[in-house]
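Me: I've got a structure open and I'd like to learn how to read it piece by piece. Can you walk me through it?

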Amino acid sequence: MIQERIEQKLQAALSPTHLEVRNESYMHNVPEGAESHFKVVVVSNEFEGQRLIGRHRAINTVLADELANHIHALAIHTYTPDEWQAQQSAPASPACLGGSKFG
């Protein structure tokens, strides 16, 4: 499954102290059981001294194949252990608006 592959790849690449991979596809207009919309929360020492853009690029690099072929949307929340200790949670994902406003 895609969720398991995401977890394995992030674990291997970033050795996180905390990792959450949530399939949020059910919140969108997709078939039941779909794996297309994900939220990741990654806490890693690898993020020390990195700006947010660098952290996101690291996630995008690790998940390049999944992003190119399987994932429609990916919410990324990255923290150092100290940042996570102070916060202890990632922002909630917004409700789906039911489609593109540009369509």
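Reply: Happy to. Let's start in the sheet: β2 and β3 run parallel and are joined by 7 bridges. Keep in mind as we go that this is a predicted model.

Me: Which residues can I click on to see that pairing?

Reply: Try V40, whose bridge partner in β3 is I76. Another pair to look at is V43, which stands opposite Y79 in β3.

Me: What is the strand order in the sheet, and is the pairing parallel, antiparallel or mixed?

Reply: The sheet is open, has 3 strands in the order β1-β2-β3, and its pairing is mixed. You've met the parallel part; β1 and β2 pair in the antiparallel sense over 6 bridges. For a marker there, take N23, whose bridge partner in β2 is F38.

Me: Which strands stand at the edges?

Reply: Those are β1 and β3 (73–79), each with a single partner strand, so one side of each has no neighbour in the sheet. From one strand to the next, the twist averages 10°.

Me: How do I read the way side chains point from a strand?

Reply: The general idea is that side chains in a regular strand alternate between the two faces of the sheet. In this structure, look at β2: H37, K39, V41 and V43 point one way, F38, V40 and V42 point the other way, and all of them are buried. With 7 of its 7 residues buried, β2 is therefore largely enclosed by the rest of the structure.

Me: What about A75 in β3, is that residue buried or exposed?

Reply: In between. A75 counts as partly exposed because its relative accessibility is 25%, and the cut-off for buried is under 20%. Setting aside neighbours within four places in sequence, A75 is in contact with F38, K39 and V40. You can also check a distance: the C-alpha atoms of A75 and E24 are separated by 9.6 Å, though these residues are 51 apart along the chain.

Me: Now the helices. How do I tell which face of a helix looks inward?

Reply: List the buried residues and look down the axis. For α1 they are I2, I6, L10 and L14. Seen that way, they fall within an arc of 65°, so they line one face of the helix. On the other side of α1, Q8 and A12 are exposed.

Me: What do those buried residues pack against?

Reply: The buried residues of α1 pack against β1 (18–23), β2 and α2. Just after the helix comes S15, with a positive phi near 40°.

Me: Why does the length of α1 make sense?

Reply: Because a helix has an expected rise of 1.5 Å a residue, the 13 residues of α1 should span 18 Å, and its end C-alpha atoms are indeed 18 Å apart.

Me: How does α2 sit on the sheet?

Reply: α2 lies across β2 and β3, and runs at about 125° to β3. One residue in that helix worth a click is R55.

Me: Is R55 buried or exposed?

Reply: R55 counts as buried, because its relative accessibility is 7%. Not counting residues up to four places away in sequence, R55 touches F47, Q50, T78, Y79, T80 and E83.

Me: And how do I find the nonpolar core?

Reply: As a general idea, nonpolar side chains in soluble globular proteins tend to be buried together. Here the largest nonpolar core has 14 residues, and those with the most contacts inside it are I6, L10, V40, V42 and I59. At least two of its residues come from each of α1 (2–14), β2 (37–43) and α2 (52–62). The largest share, 4 residues, comes from α1.

Me: What does I59 touch?

Reply: Leaving out residues up to four places away in sequence, I59 touches L10, L14, V40, V42, F47, L74, I76 and T78.

Me: Can you zoom out to the whole chain?

Reply: Sure. The chain has 4 helices and 3 strands, and from the N terminus on its elements run α-β-β-α-α-β-α. Of its 103 residues, 31% are buried. Among contacts with a separation of 6 or more, 61% are between residues 24 or more positions apart.

Definitions and conventions
Residues are numbered from 1 along each chain as its sequence is written. This is a predicted model: local features need pLDDT of at least 70, side-chain atom pairs count only at pLDDT 80 or more; totals for chains, interfaces and linings use all residues. Side-chain values use heavy atoms; hydrogens and water are left out. A nonpolar core is a set of buried Ala, Val, Leu, Ile, Met, Phe, Trp, Tyr and Cys residues joined through side-chain atoms within 4.5 Å. Buried means under 20% relative accessible area, exposed over 50%, partly exposed in between (1.4 Å probe, protein chains only). Contact means heavy atoms within 4.5 Å. The expected span of a helix is 1.5 Å times one less than its number of residues. The arc is that of the directions from the helix axis to the C-beta atoms. Two strands pair if DSSP finds at least two bridges between them. Axes are lines fitted to C-alpha atoms, for helices over the stretch in contact, and angles run from 0 to 180 degrees between N-to-C directions.
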